[in-house]
Amino acid sequence: MEPIISIRNLSKSYGTKTVLQDINVEIYPGQVIGYIGPNGAGKSTTVKILCGLLTDYQGTVTVNGLDVKTQTLDVKKQIGYIPELAELYDVLTPNEYLQFTATLYNLEKEVATQRIEKIMAAFGLEANLNQRMDTFSKGMRQKVLIASGLLHNPGIIILDEPLSGLDANSVIIMKELISRLAKDGKTIFYCSHMMDVVEKVSDRIVLINGGRIVADGSFEELKQQQGDKSLEQIFASLTATDSLSAAADELAKAMESRS
Amino acid sequence: MNIINKAFLKLALLPSPVYDRMGVDKSALTAILNIKLTMDDRRVSGLQQAQRKKSDKDVSSATIITMVVSAVLGLLYLMAFYIGNNIVTGLTFYFFMFFFMLSATLISDFTSVLIDVRDTFIILPKPVNDRTVLLARLLHIFIHICKLVLPMALPGVIYMGVKYGIASAVWMIPMILLLTLLAIFFINAVYLIILRITTPQKFQNVISYFQIVFAIVIYASYQILPRMMETKGILEFDLTAYGWSAALPMYWMAVGWQSLTSLTFTAESVIFLFASIVVPLLCVWVVVKFLAPSFNNKLALINSSADGPAAPVTLKKHKRSGIAEKLGTILTKGNGETAGFLFAWRMSGRSRDFKLKVYPSIGYMLVLVVAMFLRSKNFSLATLADNGKEFKIFMIVGIYLMSLLLVTAISQMVYSEKYKAAWIFQVVPLEYPGEVILGAVKAIVLKFYVPIIVLIAIPGLMIGGWPALPNLLLGLFNQLLIAALLVYINFRNLPFSRKQNANLNGGSFIRNMGVMLISVFIAMLHYAAYDILVVVCIAAVLSMIATWLITGSIRKTSWAKIKAEQDA
């Protein structure tokens, strides 16, 4: 099978600081990739490159056989990007915002209207469709963002911490949705810090640290390599330089110290 | 979307066959412009930012308000035609005011309205080509400028048409267009200079200082200009007689306009006309060719601190005791007070919102002092030094006008955009929130009392000598009293803990008026007692005691009182 996303020898640096170093990943249709790493590891840079927002990188990145650098527009059409919280025009109503997104994806108006209504109803937001979003809670905004990424029925969905702010029920909906979409053959690229969720939803986990891939495989495979531990523990043992329990110990002691 | 925006949108899309040939995606272009104009309609513009209020009601016709405000400003510029004994002088001043105000407005709009950093996350990941995005941005800027310039120019054009005939009105239009180009160039240049000398993260702060300076200059010009106009000199002022006027692009345009309307061309006027056309076009060329490319890249960095590599962390050594800490420990007692003092001291120096609202008033006060000197003709330092009636008025009006500064600072202190962060005061074990309030009030008073002393006490003492001292002291004590009263009556609230909102409830408005009345009353009493030394001295002591007592009650403000304030 042909990989749908192929990243080869990808490097990226800002000035003298190297953010990504020789990344190689092949992703196949229907896979759910959990992309994890500590803060500043290069996760969001990878996402920006995949979405065609950053094109001055070294190496080759192709999506469905299309080069991200040269055929950026065709790549963008196939991707649904759900950015981290709060990046939306909040003086608009969800309806206005989603219609706007739909137009940019060249969706027909009737189709868009139908999908918007259905998605928002599924999220329980049908009553808020024509309310300005500046009064919305975190979770409501996140739902609108999710809707805007799914509207054009993309083959690849890139999610950046999509569950933040969502209530428990919506989290369940999202988790179910992710596995449903993967079953339909969609590829999902899931960035998160929530290890327990990543452990459950993804069928392949890529862990980066300091711009390099330090682990790549299914959760089962990682467990075989690293010993029978939870993903959280594997994450810690691969990325933390110092002992974390020592840090916790120091924290506890700091509270009691007197000058 | 309202009719005006619809019309502008239609206008902007008229050359769509050309856009097609350029490879622009028309439906995406329409969608982006449509959404941008809708958002403009719901946002408060730069012109109204000074008195920006977040009302509970949604803003939905900001466009119309912006246009009306620009038209009113345009009317005010007509004032310029009174200056000078010839039309070229008047017109130069008109163009100058036009240029100044347009730049002032655009300088804040460019970051807040025209360059939206959210575009990076919303529009750029969508399959829209760069040309479309660029064209949409340019057209948006064009429409925005039109909305400002058209109504702003209207009164001037009509005035010219009525006074000098149709032809002169028609020739105004290209001149104003050229002036607008010049303003765009000017703003680009200012932005680039700011970006060169500071980091993109600090950019917003620098821009807000610009806004503050603009606000003060505008206030000053409306305070002082009409007064200057009354004097004869300004009516007979003739700009054409001065050599330096040739350096002003506005002067070239005025001369150019005159030779075009009167169809008289001298060698000099042709040069000016030529310059007034070529220089703005040259400037635009420079903008397009050299400034714009780096401009957009750099602007993208503004606000996006999360983007790119984090700034290198330099381990700053914590200064053990800065001036604030020292003052804090001297002037406050108890931890609550010290904490409140340091908090308000630092917040008032760093919160952009607070600075934008309070700093201009320092400038206004300066302007008022200058205006006072200019007001009466027999007002000279010599008559002041006599310690007579003029000096009395100068002192009383000066001191009590200055208290407006304290009042503004104190009433602004309770508001913040980050008002929610005040939960910290609720969770800590603080018996009397009044302690924090008092500490904060002390910090603010200290910060804004110093300029008062500099502006009033020092010149007062220099002119009036030692005999003025008792009255000065009484005045200064009374200001503390007024500040304390204001807090006690109306602003017993934790510092930076409330959301600014427009619908001040009736009760607090009345209470505000009450405080103002009390201060006017105190000022009148002071004036009456001015010459009786014993009374002044006793009053000063009483005022001190009263302040001390009120301060004590502020300190004892309970949580119940704060809760009542918040619910009110």
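Four strands of chain A form an open sheet in the order E2-E1-E4-E5, and their pairing is antiparallel. The model described here is predicted. The edges of this sheet are strand E2 (17-27) and strand E5 (66-67) of chain A, each of which pairs on one side only. Strands of a sheet pair through backbone hydrogen bonds, either parallel or antiparallel. Between strand E1 (residues 5-14) of chain A and E2(A), the antiparallel pairing extends over 7 bridges. Within this pairing, Lys12(A) has Leu20(A) in E2(A) as its bridge partner.

**Chain B**

In contrast to a sheet, the account of chain B concerns helices. Chain B has 23 helices and 0 strands. It contains 568 residues, of which 34% count as buried. Among the contacts in chain B with a separation of 6 or more, 80% are made by residues 24 or more positions apart.

Helix H4 (residues 62-77) of chain B may serve as an example. This helix has 16 residues and reaches 23 Å from its first C-alpha to its last, close to the 22 Å expected at 1.5 Å a residue. Which residues of H4(B) are buried? They are Ala62(B), Thr63(B), Thr66(B), Met67(B), Ser70(B), Leu73(B), Gly74(B) and Tyr77(B). Seen down the axis of H4(B), these buried residues fall within an arc of 135 degrees, so they line one face of the helix.

Helix H22 (residues 533-555) of chain B contains Gly552(B). Is Gly552(B) buried or exposed? A residue is exposed if 12 or fewer other C-beta atoms lie within 10 Å of its own. Gly552(B) has 12 C-beta neighbours inside 10 Å and therefore counts as exposed. Its C-alpha atom is separated by 29 Å from that of Gly398(B), and the two residues are 154 residues apart along the chain.

**Contact between the chains**

Contact between the two chains involves 20 residues of chain A and 22 residues of chain B. On the side of chain A that touches chain B, helix H2 (72-78) and helix H3 (94-104) of chain A each supply at least two residues. The largest share of that side, 4 residues, comes from H3(A). By class, the side of chain A that touches chain B has 13 nonpolar, 1 polar and 6 charged residues.

**Nonpolar cores**

The largest nonpolar core has 83 residues, and those that touch the most other members are Ile158(A), Ile188(A), Phe189(A) and Tyr190(A). Helix H3 (residues 26-41) of chain B gives the most to this core, with 7 residues. Leaving aside residues up to four places away in sequence, Ile158(A) touches Val47(A), Leu50(A), Cys51(A), Ile79(A), Tyr81(A), Ile82(A) and Phe189(A). Another core, of 53 residues, lies apart from the largest one; its members include Leu342(B), Ile410(B), Leu438(B) and Phe496(B).

**Two residues with positive phi**

Two residues that are not glycines have a positive phi, and the table lists their values.

| Residue | Phi | Other C-beta atoms within 10 Å |
|---|---|---|
| Asn106(A) | about 60 degrees | 15 C-beta atoms |
| Leu263(B) | about 55 degrees | 7 C-beta atoms |

Asn106(A) lies in the loop between H3 and helix H4 (109-122) of chain A. With 15 other C-beta atoms within 10 Å, Asn106(A) is partly exposed. Leu263(B) is found in the loop between helix H11 (249-262) and helix H12 (267-301) of chain B. With 7 other C-beta atoms within 10 Å, Leu263(B) is exposed.

How values were computed. Residues numbered from 1 in each chain as written. Chains lettered and ligands numbered in written order. Predicted model: local features only at pLDDT ≥ 70, side-chain atom pairs only at ≥ 80, totals over all residues. Expected span 1.5 Å × (residues − 1). Buried ≥ 20, exposed ≤ 12 C-beta atoms within 10 Å, placed from the backbone. Arc of directions from axis to C-beta. Contact = placed C-beta atoms within 7 Å. Nonpolar A, V, L, I, M, F, W, Y, C, P; charged D, E, K, R; others polar. Pairing = 2+ DSSP bridges. Core = buried A, V, L, I, M, F, W, Y, C linked by C-beta atoms within 7 Å.
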